[in-house]
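Reader: I'm new to this one and I'd like to know what stands behind the labels people put on it. Could you show it to me and let me ask as we go?

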Amino acid sequence: MSDPAPSAVRLEGPWTHRDVAANGARFHITELGDGPLVMLVHGFPEFWWTWRHQLVALADAGFRAVAMDLRGVGGSDRTPRGYDPANLALDITGVIRSLGEPDAALVGHDLGGYLAWTAAAMRPKLVRRLAVVSMPHPRRWRAAMIRDRRQSAAASYIWGFQRPWIPERQLTADRGALVGRLIRDWSGPRLPDDDAVETYQRAMCIPSTAHCSIEPYRWLVRSLARPDGIQFNRRMKRPVRVPTLHLHGSLDPVARTRSAAGSGEYVEAPYRWRLFDGLGHFPHEEDPVAFSTELINWLKDPEPDR
């Protein structure tokens, strides 16, 4: 399947674009630098470009930085199925293997963070370290969505995604205007510039992207009472056994701090919680220097504290 709109997602920079095959699909990646692999996984409603600042910072710090587009997003294949978290996590670990690396430090934001938690539990040998941004552990997220009215209200967009077809139309209407509103509403006081917002809007308007972006959230809600969802939640009891860095913005209106805090109970390894004061749901974009410094210092720390 050819890239439906190369100019919208293969943005120019010091990095290199290429495609790799993994888990039965083709994935677009952007890479920069040499050294130990750091795999960056985006969330909603974005694509690899959300990591543009970290690609450069990590490469300058001596790492091989790779940002991938999730299945159905950006320059990756839009397959008809395969959007449950277990399969999406296998996409990520499959890309790590396809890059010829024994393992990676895995960094995930939002949905990418949910999948990073999942990958670390399912394929521990492929995840050297784990950094999760703006996302509770899957079991914490599930419990908060069911029992915490404030978290359920904060993530009301996920409940709205359960309707057929309407959310897709809303995301692509008026050249993706809703994407811009979501990113601005979810950010702290340091709002993204108009060019950045327009980049995300264009990427969402690539045919089938809106549908594929929503499918993981449909699975998360519809599976709550289904055997496959209950089985997945049970599998996530398996503790993470690699050093974990958990990053969160104090003003995040989507994933409440209260929901995310406490995820360390699922980590049987050094666990570091870092709250960024005055930042919202996108700390890596709202204050890229502070975020990259925190991440790189932790990656280089031979003995990260608990």
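Author: Let's start with the empty spaces. This is a predicted model, and the structure holds five cavities of 30 Å³ or more. The largest cavity has a volume of about 100 Å³.

Reader: What makes something a cavity and not a pocket?

Author: In a cavity a 1.4 Å probe fits but cannot get out, whereas a pocket is an open set of points. The largest cavity has 15 lining residues, and those nearest its centre are His42, Leu70, Val73, Leu111 and Ser213. Helix H10 (residues 209-222) provides the largest share of that lining, four residues.

Reader: And the largest pocket, which residues line it?

Author: The lining consists of Arg139, Arg140, Arg142, Ala143, Ala144, Ile146, Arg147, Asp148, Asn233, Arg258, Ser259 and Tyr266. The volume of the largest pocket is about 260 Å³. Helix H5 (138-147) and helix H12 (257-260) each supply at least two lining residues, and H5 gives the most, with seven residues.

Reader: Why is histidine 246 called buried?

Author: Buried means under 20% relative accessible area. Histidine 246 has 0% relative accessibility, so it counts as buried. You'll find histidine 246 in strand S7.

Reader: Which residues is histidine 246 in contact with?

Author: Leaving aside neighbours within four places in sequence, histidine 246 is in contact with Trp117, Val132, Met135, Pro136, Ala260, Ser263, Tyr271, Arg272, Trp273 and Arg274. Two of those names come back in the strand pairing. Valine 132 stands opposite histidine 246, and in S8 the bridge partner of histidine 246 is tryptophan 273.

Reader: How do you know that S7 is mostly covered?

Author: Count the buried residues: six of the six in S7 are buried. Thr244, His246 and His248 point one way from S7, while Leu245, Leu247 and Gly249 point the other way. That fits a general rule: in a regular strand the side chains alternate between the two faces of the sheet.

Reader: How do you know that S7 pairs with S6 and S8?

Author: Two strands pair if there are at least two bridges between them. S6 and S7 are joined by four bridges and run parallel. S7 and S8 are joined by six bridges, and they run parallel too. Both counts meet the cut-off of at least two.

Reader: Where do these strands sit in the sheet as a whole?

Author: The sheet is an open one of eight strands, in the order S1-S2-S4-S3-S5-S6-S7-S8, with mixed pairing.

Reader: What makes a strand an edge strand here?

Author: An edge strand pairs on one side only, and that is the case for strand S1 (16-22) and strand S8 (271-276). On average, neighbouring strands of this sheet are turned by 25° against each other, direction ignored. Elsewhere in the order, S3 and S4 run parallel and are joined by five bridges, with methionine 39 opposite valine 66 in S4.

Reader: Which helices lie across these strands?

Author: Two to look for are H3 and H4. Helix H3 (residues 85-98) lies across S1, S2, S3, S4 and strand S5 (104-109), running at about 110° to S1. Helix H4 (residues 111-122) lies across S3, S5, strand S6 (127-133), strand S7 (244-249) and S8, at about 145° to S5.

Reader: Which residues of helix H2 are buried?

Author: In helix H2 (residues 52-60), they are Arg52, Gln54, Leu55, Leu58 and Ala59.

Reader: And why do you say that they line one face of the helix?

Author: Look down the axis of H2: the buried residues fall within an arc of 165°, so they line one face. Their cover includes strand S2 (25-32), strand S3 (37-41), strand S4 (64-68), helix H9 (194-204), helix H13 (283-286) and helix H14 (288-300). Glycine 62 follows H2, and its phi is positive, near 95°.

Reader: One last label: why is proline 192 called partly exposed?

Author: Partly exposed is the range between buried, under 20%, and exposed, over 50%. Proline 192 has a relative accessible area of 24%, so it is partly exposed. Proline 192 is in the loop between helix H8 (166-186) and H9. Not counting residues up to four places away in sequence, proline 192 touches Ile183, Ser187 and Val197.

Terms used:
Residues numbered from 1 in each chain as written. Predicted model: local features only at pLDDT ≥ 70, side-chain atom pairs only at ≥ 80, totals over all residues. Heavy atoms only, no water. Buried < 20%, exposed > 50% of the residue type's maximum accessible area, 1.4 Å probe, protein only. Arc of directions from axis to C-beta. Contact = heavy atoms within 4.5 Å. Axes fitted to C-alpha atoms, helices over the stretch in contact; angles between N-to-C directions. 1 Å grid on protein atoms, 1.4 Å probe; cavity = no way out; pocket = protein on both sides within 12 Å on 5 of 7 lines; lining within 4 Å. Points joined across faces, edges and corners; volume = space filled by probe spheres on them.
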